[in-house]
Amino acid sequence: MAIRAIRHYPDPVLSQRARPVDCIDAQIRQLIEDMVETMYAAPGVGLAAPQVGVLQRVIVIDCGSKERPELIRAVNPQILAQAGECCEEEGCLSVPGYYAHVRRSDWVRVRYQLPDGRWREQEAEGLLAVAFQHEIDHLDGRLFVDRLSSLKKGIFRKKYPRIREQQQEQL
């Protein structure tokens with residue numbers, strides 16, 4: 001396993017649509033394990049392959065705790081149904097240092113392949129539902145800031161370069 005570099009906004013790969021995985025082979029399984037290690041090291045609760053520069057439909061999520069991890073490795077995930085509404089504060093490993101409230105569904109049913117190729121359907125609510133939506137957005141070339149109102153996007157575009165500059169000075 002290896003920790004991979006996380007791409008940051010405005011890297012163009014983050015706005016591209018990821019391709020479906022046709023064959024879950026050793027290379028894809030290695031990507032998944034690298035993503036798990038990268039997500040935990042960051043630390044984060046989710047990571048999508050485009051965030052590490054790979055345009056494949058692969059995500060990893062863990063909304064559990066350190067004592068009780070709940071790791072999900074998902075290939076070709078898709079949202080089958082969604083309901084309810086929530087507006088929670090989100091952040092992103094690809095947009096470090098910036099947080100905003102985003103409207104999303106509070107419940108989702110998702111379908112994805114496991115690393116062994118079997119398909120699984122799962123219902124999720126709360127944080128896990130938000131995490132699935134957030135990571136699947138990455139696969140579609142969307143960041144959480146793309147879901148903000150025009151006004152808030154404008155504020156983000158003005159504010160974010162200063163946030164990144166401050167982060168670079170701290171390194």
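1. Let me open with the contacts: taking those in the protein with a separation of 6 or more, 64% are between residues 24 or more positions apart. Please keep in mind throughout that this is a predicted model.

2. On the overall layout, the protein has three helices and seven strands. In sequence order they run α-β-β-β-β-β-β-β-α-α. The radius of gyration is 16 Å, close to the 16 Å that the globule rule gives for 171 residues, so the protein is as compact as a globular protein of that length. Along the principal axes, its C-alpha trace spans about 45 × 35 × 35 Å.

3. A few words on surface and charge. Of the 171 residues in the protein, 44% are buried. The accessible surface comes to about 9300 Å², and carbon and sulfur atoms hold 47% of that. As for charged side chains, there are 24 positive and 24 negative ones, and the centres of the two sets lie 5 Å apart.

4. Now to some backbone details that I would look at on screen. Most residues other than glycine have a negative phi, and most peptide bonds are trans. Against that background, the bond joining Y9 and P10 is cis, with omega about 10°. P10 belongs to the segment before α1, the helix of residues 26–41.

5. There is also a cis peptide bond between A42 and P43, where omega is about -15°. P43 sits in the loop between α1 and β1, the strand at 46–48.

6. N76 deserves a look too: this residue is not a glycine, yet its phi is positive, at about 55°. N76 is part of strand β3, which covers residues 71–83. Is N76 buried or exposed? Its relative accessibility is 10%, under the 20% limit, so N76 counts as buried.

7. Helix α1 has the length one would expect. At 1.5 Å a residue, its 16 residues should span 22 Å, and the end C-alpha atoms are 22 Å apart, which agrees. Which residues of α1 are buried? They are I28, L31, I32, D34, M35, V36, T38 and M39. The buried residues of α1 pack against β1, β2 (58–62) and β3.

8. E37 is another residue of helix α1, and it makes a useful contrast with the buried set. With a relative accessible area of 25%, E37 is partly exposed. Once neighbours within four places in sequence are left aside, E37 is in contact with M1, A2 and I3. If you would like a distance to check, the C-alpha atoms of E37 and Q122 are separated by 23 Å, the two residues being 85 residues apart along the chain.

9. Helix α2 is mostly covered, with twelve of its 14 residues buried. The buried residues in α2 are L128, A129, V130, A131, F132, Q133, H134, E135, I136, D137, H138 and L139. The span of this helix holds up as well: at 1.5 Å a residue, the 14 residues of α2 should cover 20 Å, and the end C-alpha atoms are 21 Å apart, which agrees. Just after α2 comes G141, whose phi is positive at about 80°.

10. Within α2, the helix of residues 126–139, I would single out H138. At 1% relative accessibility, H138 counts as buried. Which residues does H138 contact, leaving aside its neighbours within four places in sequence? The partners are Q16, A48, P50, Q51, C92 and L143.

11. Finally, a residue from α3, the helix at 150–170: K152 is found there. Its relative accessibility is 44%, so K152 counts as partly exposed. The C-alpha atoms of K152 and V95 are separated by 15 Å, although the two residues are 57 residues apart along the chain.

12. To close, here are the places I would revisit in the viewer. For the backbone, look at the cis bonds at Y9 and P10 and at A42 and P43, then at the positive phi of N76. For the packing, follow the buried residues of α1 to β1, β2 and β3, and then turn to H138 in α2 with its contacts, including Q16 and C92.

Technical notes. Residues are numbered from 1 along each chain as its sequence is written. This is a predicted model: local features need pLDDT of at least 70, side-chain atom pairs count only at pLDDT 80 or more; totals for chains, interfaces and linings use all residues. Side-chain values use heavy atoms; hydrogens and water are left out. Helices (H or I, at least four residues) and strands (E, at least two) are DSSP runs, numbered from the N terminus. The radius of gyration is taken over C-alpha atoms; the globule rule is 2.2 Å times the number of residues to the power 0.38. Buried means under 20% relative accessible area, exposed over 50%, partly exposed in between (1.4 Å probe, protein chains only). Contact means heavy atoms within 4.5 Å. Accessible areas come from the Shrake-Rupley method with a 1.4 Å probe; for residues, only the protein chains shown count as cover. Lys and Arg count as positive and Asp and Glu as negative; His and the chain ends are not counted. The place of a charge is taken as NZ of Lys, CZ of Arg, CG of Asp or CD of Glu. The expected span of a helix is 1.5 Å times one less than its number of residues.
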